[in-house]
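Biologist: I should be grateful for a close look at one part of this model, namely the packing of its aromatic side chains. Please then set that part beside the strands and helices elsewhere in the chain.

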Amino acid sequence: MGPLKLAVVGGGPSAFYVASRLLSLVPPAHPSASQLRVHLYDRLWAPHGLVRYGVAPDHPENCVHKFDEAAKDGRLKFFGNVNIGGVPTNASPAALSLPLSTLFKNYTHLLLASGCTVPILHPALPPSDRCVPALSVVHWYTAHPSRPPPPPLDKTSHVSVIGHGNVSLDVARMLLTDPAILQKYDVPEHVLEVLRRSSVKHVSIVGRRGPFQAAFTTKELREMMNLSDASMVPLDPSVLEPLPGETPTRQQTRTLQLLQKGSKNVFGTTPKTWSLDFFRSPTGLASSPESGSLSLSLAHTALDPATRRAVPTGVSSALATDLVVTSLGHRADPAGPLVDPELGHARAAAGRVVGLRNVYASGWAAAGARGVLASTMLDAHAVADAILGDWSGARATTPKEVMASGETVELEGVPEEVEGGVREGTVTTYEEWKRVDEEEVRR
C-alpha cells in the first residue's frame with residue numbers, strides 16, 4: 001500500500017475533524033502510520049474557520065481542544081494565508097495564491113473542506129449601509145480579517161433580522177445582551193465599545209414560514225428567552241397551531257413549549273424587547289427622505305398544505321425599522337476550486353467528488369450550508385472512513401486520475417511556494433498561530 005498524502009483545502013471544523021479521524025484510525029503504532037501525512041491549507045492566517053469567525057463569542061466551542069490535540073501529531077501540518085484555487089479577497093489580500101493543480105502534483109489525495117463563504121442575498125433587499133448580510137455583522141463581532149465596518153448601532157433603535165436560523169438568533173442575542181455580560185467572553189474591545197453606545201431597543205426576527213419550519217435550535221431559542229435585559233413579544237396562539245394532520249416532532253414540541261411559555265422576563269418589564277415575526281416575507285425596503293427612517297414591506301404568508309411552502313395571502317404590511325440584517329444562508333464561492341455553480345458547492349457522492357479519483361469533499365463544501373457542528377463532525381468522520389477505505393484498495397471504480405502517484409510524491413514535501421512563504425513568514429503554521437493565541441488568552 002503506497003503513501004496517503006492528503007492535501008486539505010480549508011482549515012475549519014470539517015477539515016480538522018477529517019484530519020483528527022484519520023490520525024486516530026492510523027495511530028503512530030499502526031503499521032502504515034509512517035505513510036500518512038495531512039496538510040491543511042487555509043486562505044486565512046488562523047485555523048478553525050467557522051468555529052473562530054462564525055460562532056458568537058459568548059458561545060465558545062470545546063472542539064478547539066480536540067483540534068489542538070490533532071495538531072500535536074507531527075504528521076499533520078497547517079499552512080495559513082494560502083489561497084488555493086480562488087480569487088484574492090479582502091479577507092486575505094496578502095495570501096499566497098496557488099492554482100489547484102499545484103496540489104495535484106504534490107499530493108496523492110485531496111479534500112475540499114472550504115465551506116460556504118458567500119452570503120445568500122434577498123432579491124428584494126439590495127445591500128446598503130443600512131441593509132447588510134448577517135455575515136458582515138458576525139465577522140464584525142468576531143474580528144474577522146476582512147474587517148467589515150460596525151453597524152450604526154448608535155443611530156439604531158429597531159433592527160429587523162430576516163431569517164429564522166441560529167445565526168439570526170445569534171445576531172439578535174449579541175445586540176440585546178448587556179455589554180457588561182459580553183465582556184466576560186472573548187469579545188473584542190472595539191466591538192464592546194460600539195455595543196455600549198448602542199441605541200437598540202427592539203429586534204424583529206422575521207421569517208416567511210411558521211414556528212414548525214424554523215431552523216433555529218431549541219438551545220438557541222432558550223437562550224433568547226433567558227436574556228436578562230430583554231423580553232419577547234407574546235405570540236398569537238393561532239401561530240402555534242400545526243397544520244391539520246401534522247404531528248410535531250420531538251424537537252418541534254420542545255420549541256412549541258418554549259414559545260407558549262414565553263420569555264423569562266414578562267413583556268413590558270424590560271428596557272429591550274424582541275419578537276419572532278412568523279409568516280412574513282420581505283418585498284421591499286424604502287427610506288423616507290424627510291426622517292431617514294426605513295420602511296420594510298412585508299407580504300403576509302401562509303403554508304401551502306401540499307408543499308409546505310410559504311405562499312402570499314394577498315395581505316401586506318409595513319414595518320418601521322432602522323437597520324435590516326439578512327440571514328438567509330450561504331453558498332460556496334463560485335470561483336472556488338471544483339465548485340459546481342448549479343449546486344453552489346462541490347458535486348460529491350458519499351464524500352467523493354464525482355468523476356475524480358482520490359478527490360473528496362466534506363462539510364458545507366460537499367452539501368451546502370446546513371447542519372450544526374455535531375452533524376459536521378459525523379459527516380467528516382464518514383468522509384475520513386471513505387478516504388481510508390479507498391487507500392486500502394476497497395474502492396473498485398476508476399474515475400479520472402488527477403492526483404500524483406505514491407511513487408512520485410515526496411512524503412514530507414510541500415509546494416516550493418509554500419515552503420518559501422513559511423521561510424519568509426508570510427505563510428503561518430499552527431505553532432505560530434498557537435503562540436499568538438496563547439498571548440491573546442494571557443492578555
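Modeller: The account below begins with the aromatic rings and then turns to the sheets, the helices and two individual residues.

The model is a predicted one. Across the whole structure, a search finds seven aromatic pairs. One of these joins tyrosine 17 and phenylalanine 67, whose ring centres are 5.1 Å apart and whose planes stand at 75 degrees to each other. The pair counts as edge-to-face because its angle is over 60 degrees, the limit for that class. Distant parts of the chain are linked in this way: tyrosine 17 belongs to helix H1 (residues 13-25) and phenylalanine 67 to helix H3 (residues 63-71), with these positions 50 residues apart in sequence.

How accessible are the two partners? Tyrosine 17 counts as buried, with a relative accessibility of 5%, and phenylalanine 67 also counts as buried, at 0%. Both values fall under the 20% limit, which means that each residue is placed in the buried class. The two rings also belong to one aromatic cluster, formed by Phe16, Tyr17, Phe67, Phe78, Tyr430 and Trp433. A further ring, that of tyrosine 107, has a charged neighbour: lysine 5 lies over its face, at 4.6 Å from the ring centre.

The loop that leads into H3 also deserves attention. Alanine 56 sits between helix H2 (49-53) and H3, and its relative accessibility of 2% makes it buried. Apart from neighbours within four places in sequence, alanine 56 is in contact with Tyr141, Asp170, Arg173 and Met174. Its C-alpha atom lies 8.6 Å from that of valine 167, although 111 residues separate the two along the chain.

One of those contacts, Tyr141, leads to helix H5 (residues 134-141). H5 is mostly covered, since seven of its eight residues are buried. These are Ala134, Leu135, Val137, Val138, His139, Trp140 and Tyr141. Just after the helix, alanine 143 adopts a positive phi of about 60 degrees.

The sheets come next. Six strands build an open sheet with parallel pairing, arranged as E8-E16-E9-E10-E12-E11. Strand E8 (131-133) and strand E11 (230-232) stand at the edges; each has a single partner strand, so one side of each is left without a neighbour in the sheet. On average, neighbouring strands here are turned by 20 degrees against each other, direction ignored. At one edge, E11 pairs with strand E12 (residues 272-277) in the parallel sense over three bridges, and alanine 230 stands opposite lysine 272 in E12. Helix H9 (residues 218-225) lies across strand E10 (202-206), E11 and E12, and runs at about 145 degrees to E12.

A second open sheet has three strands in the order E13-E14-E15, with antiparallel pairing. Strand E13 (280-287) and E15 are the edge strands, and each pairs on one side only. The twist from one strand to the next averages 20 degrees. Within this sheet, strand E14 (residues 294-303) and strand E15 (residues 310-321) are joined over nine bridges. Leucine 298 has serine 317 in E15 as its bridge partner, while leucine 303 stands opposite alanine 310 in E15. The hairpin of E14 and E15 has six residues between its strands, and arginine 308 in this hairpin takes a positive phi near 65 degrees.

Further along the chain, valine 359 lies in strand E23 (residues 359-361). Valine 359 is buried, with a relative accessible area of 0%. Leaving aside neighbours within four places in sequence, its contacts are Leu110, Leu338, Gly351, Arg352, Val353, Val402 and Met403. Methionine 377 is 18 residues away from valine 359 in sequence, and their C-alpha atoms are 19 Å apart in space.

Helix H12 (residues 373-391) has 19 residues and reaches 27 Å from its first C-alpha to its last, close to the 27 Å expected at 1.5 Å a residue. Its buried residues include Ala380, Val383, Ala384 and Ile387. An α-helix has 3.6 residues a turn, so residues three or four places apart point the same way. The buried residues of H12 also include His381, Leu388, Asp390 and Trp391. Just beyond the end of H12, glycine 393 takes a positive phi of about 95 degrees.

Technical notes: Residues are numbered from 1 along each chain as its sequence is written. This is a predicted model: local features need pLDDT of at least 70, side-chain atom pairs count only at pLDDT 80 or more; totals for chains, interfaces and linings use all residues. Side-chain values use heavy atoms; hydrogens and water are left out. Rings of Phe, Tyr and Trp (its six-membered ring) pair if their centres lie within 6.5 Å; planes under 30 degrees apart count as stacked, over 60 as edge-to-face and the rest as tilted. Helices (H or I, at least four residues) and strands (E, at least two) are DSSP runs, numbered from the N terminus. Buried means under 20% relative accessible area, exposed over 50%, partly exposed in between (1.4 Å probe, protein chains only). A charge sits over a ring if NZ of Lys or CZ of Arg is within 6 Å of the ring centre and within 35 degrees of the ring normal. Two strands pair if DSSP finds at least two bridges between them. Axes are lines fitted to C-alpha atoms, for helices over the stretch in contact, and angles run from 0 to 180 degrees between N-to-C directions. Contact means heavy atoms within 4.5 Å. The expected span of a helix is 1.5 Å times one less than its number of residues.
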